[in-house]
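Got your viewer open and the cartoon on? Let's take a walk through the fold, one selection at a time.

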Amino acid sequence: MKVRKAVFPAAGLGTRFLPATKAQPKEMLPLVDKPVIQYGVEEAMAAGCDQIVMVTGRGKTAIEDHFDVSYELEHMLESRGKTDLLAIVRQISDMIHLSYVRQKEALGLGHAVLTARELVGDEPFAVLLADDVIDAEVPVLKQMMDVFNRTQSSVIALQKIDGPSISAYGCIAGKEVAGSNGKLWEVTDLVEKPKFEDAPSNLAVIGRYILTPRVFEILAHTPFGKGGELQLTDGLKALLKEEKLYGYVFDGKRHDTGDKLGFLKATVEFALKRPDLKDDFAKWLKGLAL
């Protein structure tokens, strides 16, 4: 089995960024000059996916517009001889095939994934949460693809989170795979946002998944839980009874852009990696009276 499709749940309301997200999707907030969700799409492409499924909701048309052709903008740039900007704009619209499905209510991550069932079909697929922007030499999804290709089993991304902060994440119990140097774990259980003293490990689940199509059937029969939401964690716990599930501690630096402070940190770090910005920006930062 090969993974060709990547699902992006993007129907959330983005309330943590109000009022900026009152009239625009949080996924379209820019890190320097590129919207957050584009980083995820580029990661999926670099991992070998050739089809993107966006799970959107009301007020998310800006995402569709961003990846679509903009004839008026292209004509204006071409007529003014701005060929460099024209190339950037056309690269976005020519990037990859995107499909869209509407999640009418925000009923949890598991429900968002289940909404994509008809477009994914009976094949393994990736799920990427755009809020988690991960700077890595080898794209994280590509690292996970290598694990999937060896195991032919579902794979979830893991990050070590020490201390009480683990309570903000789902985390795993598992057995380390021999010879993996702590990188690969066979998952035996998942716990959503445990108390620090009850956490089975310091291995937190991060927003990258490769899942077998069996998860759709399981999610379709999983009861809605707390807050009336269908949680992906509950579906994965049920999947464990039938199939192996692996957790992979990825190489790379994760930025939680769904958090205001995380978003600001990511903006600074990505700007400092840009050859056209880093020198002047670093000089300005050093001159700040902090």
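Before the first stop, a definition: two strands pair if DSSP finds at least two bridges between them. Keep in mind, too, that this is a predicted model.

**Stop 1: the strands around β4.** Select residues 51-56, strand β4; 5 of its 6 residues are buried, so the strand is largely enclosed by the rest of the structure. Now add strand β5, residues 97-102: β4 and β5 pair in the parallel sense over 6 bridges. To see the register, pick valine 55, which stands opposite valine 101 in β5. Next bring in β1, which pairs with β4, again in the parallel sense, over 5 bridges. Here the residue to click is valine 7, opposite valine 53 in β4.

**Stop 2: the nonpolar core.** Stay here and show side chains. The largest nonpolar core has 50 residues, and the members that touch the most others are Phe8, Ile37, Ile52, Met54, Phe67, Leu141 and Ile210. Helix α7, residues 140-151, gives this core its largest share, 6 residues. Apart from it lies another core, of 32 residues, with Val215, Leu219, Leu240 and Val249 among them. As background, nonpolar side chains in soluble globular proteins tend to be buried together.

What does phenylalanine 8 contact once its neighbours within four places in sequence are left aside? Select it and expand: you should pick up Ile37, Gly40, Val41, Ala44 and Leu128, along with Ile52, Val53, Met54 and Val55.

**Stop 3: aromatic pairs.** A search of the whole structure turns up 4 aromatic pairs. Start with phenylalanine 17 and phenylalanine 263: their ring centres are 5.6 Å apart and the planes sit at 70°, so this is an edge-to-face pair. The partners are 246 residues apart, with phenylalanine 17 in the loop between β1 and β2 and phenylalanine 263 in helix α10 (residues 260-272). Phenylalanine 17 is buried at 11% relative accessibility, and phenylalanine 263 is buried at 13%.

Slide along to tyrosine 39 and phenylalanine 270. With centres 5.2 Å apart and planes at 75°, this pair is edge-to-face. It ties helix α1 (residues 36-46), home of tyrosine 39, to phenylalanine 270 in α10, 231 residues away. Both of these residues are buried. While you're there, add lysine 34: its charged end sits over the ring of tyrosine 39, 4.7 Å from the centre.

**Stop 4: one side of a helix.** Jump to helix α9, residues 232-239, and colour Leu232, Thr233, Gly235, Leu236 and Leu239, which are buried. They span an arc of only 160° around the axis, which puts them on the same side of α9. The general rule behind such patterns: an α-helix has 3.6 residues a turn, so residues three or four places apart point the same way. What do the buried residues of α9 pack against? Show α5 (109-115), α8 (214-220), β8 (154-160), β10 (184-192), β11 (203-211) and β12 (245-249).

**Stop 5: back to a loop.** Finish at glycine 14, in the loop between β1 and β2. Is glycine 14 buried or exposed? Its relative accessibility is 10%, so it counts as buried. Leaving aside neighbours within four places in sequence, glycine 14 touches Thr21 and Lys26. For a last distance label, draw one from its C-alpha to that of leucine 86, 72 residues apart along the chain: it should read 31 Å.

Methods: Residues numbered from 1 in each chain as written. Predicted model: local features only at pLDDT ≥ 70, side-chain atom pairs only at ≥ 80, totals over all residues. Heavy atoms only, no water. Buried < 20%, exposed > 50% of the residue type's maximum accessible area, 1.4 Å probe, protein only. Helix = DSSP H or I, 4+ residues; strand = E, 2+ residues; numbered from the N terminus. Arc of directions from axis to C-beta. Contact = heavy atoms within 4.5 Å. Phe/Tyr/Trp six-rings, centres within 6.5 Å; stacked < 30°, edge-to-face > 60°. Lys NZ or Arg CZ within 6 Å of the ring centre and 35° of its normal. Core = buried A, V, L, I, M, F, W, Y, C linked by side-chain atoms within 4.5 Å.
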